[in-house]
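The following paragraphs walk through one protein chain, starting from a helix and moving on to charged side chains. Keep the structure open while reading.

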Amino acid sequence: MKNLVAIVIVSVFAISFIGCGGGSQTLKSDGSIKETVTEQANTDRYVTAIGIGAPAADVTTDTQKKATSRNAAIVAAQYQMVSLLKGVKITGGVTIEKAMETDSKIQATVNDSVRGAEIVKNEWTNDNGCIVTMRLDKDGLAKQLGVTFDKP
């Protein structure tokens, strides 16, 4: 359990340097994470997030390392996506974060939607770290929430 917490912390920390978004571009070069990544996290159609995960320290096979780093990267990307969604404005100028504070159904819907976000890409680095790019369709989320989003 301590390893998983450490992996998530490392992943979230790494996101702060990489950012979020990405689409189909590769985020690694020569087996390592690129130094610079240009991204657009919030478009008219999607909210896109990136998570970076490190393998658990106590696993020995490449498969285990890739599996644990992917799981950590997914959690980190989901965390990033929730953060991004909280800043999205709905009609009336209110952010999703404010709407979540007053309506537990909105909070549950956002959390469920993020858990079901589409994983667009998995990339593994030479040291078995993983970079996951995921996206969430804004129109689908707006329909589930019963709201209209303002344009980014």
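Start with helix 2, which covers residues 62–86. The helix has 25 residues, and at 1.5 Å a residue these should span 36 Å. Its end C-alpha atoms lie 36 Å apart, so the expected and the computed span agree. This is a predicted model, and the values given here are computed from it.

Which residues of helix 2 are buried? Several of them are alanines, among them Ala72, Ala73, Ala76 and Ala77. The list also includes Ile74, Met81, Val82 and Leu85, and the polar residues Ser69, Gln78 and Gln80 are buried too. An α-helix has 3.6 residues a turn, so residues three or four places apart point the same way. With that in mind, the buried positions can be traced along the helix in the viewer.

Helix 2 belongs to a chain with five helices and seven strands. In sequence order, these elements follow the pattern α-β-β-β-α-β-β-α-α-β-β-α. The chain has 152 residues, and 40% of them count as buried. Its accessible surface is about 8,400 Å², with carbon and sulfur atoms contributing 52% of that area. How far apart in sequence are the residues that touch? Taking contacts between residues at least 6 apart in sequence, 65% join residues at least 24 apart.

Next come the charged side chains. Side chains of opposite charge can pair when their charged atoms come close. The whole structure contains four salt bridges, and three of them are described here.

One of the salt bridges joins Asp137 and Arg45, with N and O 3.2 Å apart. Asp137 is in strand 7, while Arg45 is in the loop between strand 2 (32–33) and strand 3 (46–53). The two residues are 92 residues apart, and the pair links distant parts of the chain. Asp137 is partly exposed at 25% relative accessible area, and Arg45 is also partly exposed, at 47%.

Strand 7 takes part in another salt bridge, between Arg135 and Glu118, at 3.0 Å from N to O. Because Arg135 lies in strand 7 and Glu118 in strand 6, this pair ties together parts that are 17 residues apart in sequence. Arg135 has a relative accessibility of 27% and counts as partly exposed; Glu118, at 41%, is partly exposed as well. Arg135 has a further partner: its charged end sits over the ring of Tyr46, 4.1 Å from the ring centre. Pairs between aromatic rings, by contrast, number zero in the whole structure.

A more local salt bridge is found in helix 3 (residues 96–102), where Lys98 and Glu101 lie three residues apart, about one turn of the helix. The closest N and O atoms of Lys98 and Glu101 are 3.8 Å apart. Lys98 is partly exposed, with a relative accessible area of 47%, whereas Glu101 is exposed, at 54%.

Finally, look at the loop between strand 6 (118–124) and strand 7 (130–137), where Asn128 is found. Asn128 is not a glycine, yet its phi is positive, at about 70°. Is Asn128 buried or exposed? Its relative accessibility is 10%, so Asn128 counts as buried, the cut-off being under 20%.

Terms used:
Residues numbered from 1 in each chain as written. Predicted model: local features only at pLDDT ≥ 70, side-chain atom pairs only at ≥ 80, totals over all residues. Heavy atoms only, no water. Helix = DSSP H or I, 4+ residues; strand = E, 2+ residues; numbered from the N terminus. Buried < 20%, exposed > 50% of the residue type's maximum accessible area, 1.4 Å probe, protein only. Expected span 1.5 Å × (residues − 1). Contact = heavy atoms within 4.5 Å. Areas by Shrake-Rupley, 256 points an atom, 1.4 Å probe, with all protein chains shown as cover. Salt bridge = Lys/Arg side-chain N within 4 Å of Asp/Glu carboxyl O. Phe/Tyr/Trp six-rings, centres within 6.5 Å; stacked < 30°, edge-to-face > 60°. Lys NZ or Arg CZ within 6 Å of the ring centre and 35° of its normal.
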